[in-house]
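Grab your viewer and work through a few short exercises on this one. Try each task yourself before reading the solution under it.

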Amino acid sequence: AIAGPATVSEVVYKQQGESYNRYRLPWVTQNDNPASAKRINDFIFSRFAQQLSGADPQATLNRIGQQGIEQTASLDFELVNNKNNILTINIIAEGCGAYCETYSNYTSFDLTTGANIDLDDIISPPTVIQLNQQVKSDIRHQITAFIEAQNNLPLEQKVKDEGEVVDYQQFYADCWAMTMDDVSFVNKFFLDNGQLVFNNERCSNHASRALDDLGEFTSKIPV
């Protein structure tokens, strides 16, 4: 079956007196397939707002916003892909525990059914193993290329921490080692313009984040 592009609008909660949107979520409509749109909206609201949207999503988000979402300071989104039967949305959440961190949640949906797409839905198990090796290799390449570029910089341009040149070989050593272990690097992915895009977390902890110029790892593999 072929589905047309979905219409993606927004549902926004802004706390009184604040200039920014505290919670902003996508709202999907499909005139030719309302059941699919409902399934997508139910997935997004239940996962990120921790409630179903109900008959009036704006009223629901207002109520949720007034109460607050546990350990979630803010929600935003970006539309990544909306064609060829695939809708990909990135929900950007600011989660707060001991400290606050912003993280991305990319999800791809099948517009013919509204189902969120798992890797096993589109790739055979043996191929998943091969993809994992490809992603590991790509991460190692990103780390190696960055370290080589840093090492080739003149001293005055090298990154320093408290006056000492940062040893990026050591900084990224644990990440490098993980790519040699039996660890899955294909758990977080989305579909975008004929590519599988895999996202993996950054190497640094909260305290050393300012020194981590690589940040999250993105690996793109054509399908």
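The exercises below go from model confidence to salt bridges, then to a helix and two single residues.

**Exercise 1. Check the confidence of the model: which element has the lowest mean pLDDT, and which the highest?**

Start with the chain as a whole. This is a predicted model, and the protein chain averages a pLDDT of 92. Next, look for weak patches: 100% of the residues score at least 70. Now go element by element. Strand E6 (residues 160-161) comes out lowest, with a mean of 89, while E2 is highest at 97.

**Exercise 2. Find the salt bridges of Arg 24 and work out what they tie together.**

Step one is the overall tally: a search of the whole structure turns up 5 salt bridges. Step two, pick out Arg 24 and Glu 10, whose side chains meet with N to O at 2.7 Å. Arg 24 sits in strand E2 (residues 23-29) and Glu 10 in strand E1 (residues 7-13), so this pair links parts that are 14 residues apart in sequence.

Step three, look at the other partner. Asp 76 also forms a salt bridge with Arg 24, at 2.4 Å from N to O. Asp 76 belongs to strand E3 (residues 72-83) and Arg 24 to E2, so here the parts tied together are 52 residues apart in sequence.

Step four, check accessibility. Arg 24 is buried at 18% relative accessible area. Glu 10 is partly exposed at 43%, and Asp 76 is partly exposed too, at 32%.

**Exercise 3. Now take the salt bridge between Asp 42 and Lys 38: how many residues apart are the two in helix H1?**

First the distance: the closest N and O atoms of Asp 42 and Lys 38 are 2.7 Å apart. Then the spacing: both residues are in H1 (residues 34-49), 4 residues apart, which means about one helical turn between them. Finally the surroundings: Asp 42 counts as buried at 19% relative accessibility, whereas Lys 38 is exposed at 52%. Back to the earlier trio for a moment: shared partners join Glu 10, Arg 24 and Asp 76 into one salt-bridge network.

**Exercise 4. Describe helix H1: its span, its buried residues and what covers them.**

Begin with geometry. H1 has 16 residues and runs 21 Å from its first C-alpha to its last, close to the 22 Å expected at 1.5 Å a residue. Next, list the buried side: among the buried residues are Ile 40, Ile 44, Phe 45 and Phe 48, along with Asn 41 and Asp 42. Then ask what lies over them. The cover includes E2, helix H2 (57-67), E3, strand E4 (86-96) and strand E5 (100-110). Last, step off the end of the helix: just after H1, Gln 50 has a positive phi of about 65°.

**Exercise 5. Place Ser 74 and Asp 181: is each one buried or partly exposed?**

Take Ser 74 to begin with. Ser 74 lies in strand E3 and is buried, at 17% relative accessible area. Skip the neighbours within four places in sequence, and the contacts of Ser 74 are Arg 22, Tyr 23, Ile 92, Ala 93 and Glu 94.

Now Asp 181, which is found in the loop between helix H6 (173-178) and strand E8 (189-192). Asp 181 is partly exposed, at 42%. For one last distance, go C-alpha to C-alpha: Asp 181 and Lys 136 are 9.6 Å apart in space and 45 residues apart in sequence.

Definitions and conventions:
Residues are numbered from 1 along each chain as its sequence is written. This is a predicted model: local features need pLDDT of at least 70, side-chain atom pairs count only at pLDDT 80 or more; totals for chains, interfaces and linings use all residues. Side-chain values use heavy atoms; hydrogens and water are left out. A salt bridge is a side-chain nitrogen of Lys or Arg within 4 Å of a carboxyl oxygen of Asp or Glu. Buried means under 20% relative accessible area, exposed over 50%, partly exposed in between (1.4 Å probe, protein chains only). pLDDT is the predictor's confidence in each residue, from 0 to 100. The expected span of a helix is 1.5 Å times one less than its number of residues. Contact means heavy atoms within 4.5 Å.
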